[in-house]
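Me: Please take me through the helix packing and the empty spaces of the structure shown here.

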Amino acid sequence: MSVPAHAVCTAIRGDIVSGALGRGSRLTEDQLARRYGVSRVPVREALRTLESEGFVVTRRHAGAHVAEPTEREAADLLDMRALLEPLGAARAAQRRTEAHLKVLAGLVRLGRERAARGQGEDLRALDGWFHETLAQASDSPPLTALLTQLRHKIAWMYVVERPERPVETWAEYGAIVDAVARGDAERARRLTALHWECRRPPHRLKRLGPARVRVSQHAVNVASAHH
């Protein structure tokens, strides 16, 4: 059974973000094909995609390696997200569907419940789903793709401390969703910008350790080959 390149790309990206494939690690098609149990063809395509996203670099006479971003590049990512997330929220207020609103409202409800109970691990996953859904509600594939890449890269480069007041965080999400539901693009933009400014300080740059390769925690989703 052939495995699509996007499934292999997701697996490799996941291992880069988690640190299983350390910064500067060499990436060969044979090595990765064995690691994920696939042929070299989808690996080759996945590496091209990851290079375009900035996770992989190809060095002359040395082949592909996991990228080694600088502190300046990492800081730029936070600035980019601070600009694009408010834009995404404003677009969502103008273009969202009822289905988007239903999902966003449900995530806010769950987030508030989990925050009140102090269920931090659940909140981390819900936070990611919230931002992903809000980006999709913008109905702008290029903007959604950029925001998704930014979230992956920031997770790769930064450790984010848990919010000290998660109940307030999810109340802010609720206010953003309310603005989106009302079609108030300017309010959605403003609330998202204020929220992001409060979230920036807890980002701590990860230590740049030596290149390493650990056992993969991200198996290729072979089931997706059927679709």
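The turns below deal with a helix pair and then with a pocket.

Reply: This is a predicted model, in which local features need pLDDT of at least 70 and side-chain atom pairs count only at pLDDT 80 or more, while totals for chains, interfaces and linings use all residues. Residues are numbered from 1 along each chain as its sequence is written, and side-chain values use heavy atoms, with hydrogens and water left out.

Me: How are H1 and H2 oriented to each other?

Reply: Helix H1 (residues 5-18) and helix H2 (residues 29-36) pack with their axes 11 Å apart and at an angle of about 95°. Helices (H or I, at least four residues) and strands (E, at least two) are DSSP runs, numbered from the N terminus, and axes are lines fitted to C-alpha atoms, for helices over the stretch in contact (heavy atoms within 4.5 Å), with angles from 0 to 180 degrees between N-to-C directions. Angles under 35 degrees count as roughly parallel, over 145 as roughly antiparallel, 65 to 115 as roughly perpendicular and the rest as oblique. H1 and H2 are therefore roughly perpendicular.

Me: Which residues in H2 are met by Ala 11, Ile 12 and Asp 15 in H1?

Reply: The contact pairs these three residues of H1 with a set in H2. On the H2 side the residues are Leu 32, Arg 35 and Tyr 36.

Me: Which element gives the most to the lining of the largest pocket?

Reply: A pocket is an open set of points on a 1 Å grid over the protein atoms alone, where a 1.4 Å probe fits, with protein on both sides within 12 Å along at least five of seven lines, and lining residues have an atom within 4 Å of a point. The largest pocket is lined by 44 residues, and among those nearest its centre are Arg 124 and Asp 127. With 12 residues, the element that gives the most to this lining is H6.
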